[in-house]
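Please open the model in your viewer and display side chains as sticks. The tour below proceeds selection by selection.

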Amino acid sequence: MDLEYFANIKLPPTTFKCPYCGGEYNITDAKVEKFLASSKHVGTKTSGRIITRTYMESYYNVRFCPNCYKRKHRTKKILYSSIFLIATILYAIHYFGKIGGSVWDFLGFLLLLYILISLGVGVLNWILDKTIYDVDFENAHKNNAIEPHSYI
């Protein structure tokens with residue numbers, strides 16, 4: 001058996017650099033999150049009044065260090081929880097400050113308020129993902145932070 005054959009084999013890297021903090025970590029410690037890389041309009045089909053648009057989307061599985069992954073999700077949970085809590089307290093102060101309000105009216109409007117806040121939180125989540133928590137895929141690929149696709 002020729003040993004030169006084994007000397008030329010390159011093993012895949014076992015470390016990666018976190019896209020957020022830039023620290024180098026072992027691949028086994030990575031937390032993986034799916035990110036939308038691009039969305040492209042590829043076709044439109046019209047059938048009477050119904051218009052169907054087709055998009056081709058590509059996703060990447062991006063590796064993060066455990067600290068940045070936890071920090072990102074913890075920050076979002078604290079932000080969203082505080083928005084719900086502050087809105088509830090402000091509405092309760094406003095509602096019970098007037099005379100003659102019933103508890104059912106309070107709970108009914110509070111449900112509507114929570115639905116509106118949930119829509120606002122969805123928009124805020126999209127804005128945060130596109131600005132603060134955005135990933136540069138070229139640098140992530142260069143730093144081995146993109147996980148290969150699994151076709152199984």
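The stops that follow cover aromatic rings, a charge placed over a ring, and a helix pair.

Please note at the outset that this is a predicted model.

**Aromatic pairs.** Across the whole structure, a search identifies 10 aromatic pairs. Begin by selecting Y60 and F137, whose rings form a tilted pair with centres 5.2 Å apart and planes at 45 degrees to each other. The two residues belong to distant parts of the chain: Y60 is in strand 4 (residues 50-64), F137 is in helix 4 (residues 137-142), and 77 residues separate them.

Is each partner buried or partly exposed? Y60 has a relative accessibility of 32% and therefore counts as partly exposed. F137, at 19%, counts as buried, because the cut-off for that class is under 20%.

**Ring cluster.** Next, select Y20, F35, F64 and Y133 together; ring pairs join these residues into a cluster.

**A charge over a ring.** Now select K34 and Y59. K34 is placed over the face of the Y59 ring, 4.7 Å from the ring centre.

**Helix pair.** Finally, select helix 2 (residues 66-96) and helix 3 (residues 103-130), whose axes come within 10 Å of each other and cross at roughly 150 degrees. Helix 2 is therefore roughly antiparallel to helix 3, and the crossing is right-handed. Which kinds of residue make up the contact of helix 2 with helix 3? Colouring that contact by residue type should show 18 nonpolar, three polar and four charged residues.

Methods: Residues numbered from 1 in each chain as written. Predicted model: local features only at pLDDT ≥ 70, side-chain atom pairs only at ≥ 80, totals over all residues. Heavy atoms only, no water. Phe/Tyr/Trp six-rings, centres within 6.5 Å; stacked < 30°, edge-to-face > 60°. Helix = DSSP H or I, 4+ residues; strand = E, 2+ residues; numbered from the N terminus. Buried < 20%, exposed > 50% of the residue type's maximum accessible area, 1.4 Å probe, protein only. Lys NZ or Arg CZ within 6 Å of the ring centre and 35° of its normal. Axes fitted to C-alpha atoms, helices over the stretch in contact; angles between N-to-C directions. Parallel < 35°, antiparallel > 145°, perpendicular 65-115°, else oblique. Left-handed = near helix turned anticlockwise from the far one by under 90°. Nonpolar A, V, L, I, M, F, W, Y, C, P; charged D, E, K, R; others polar.
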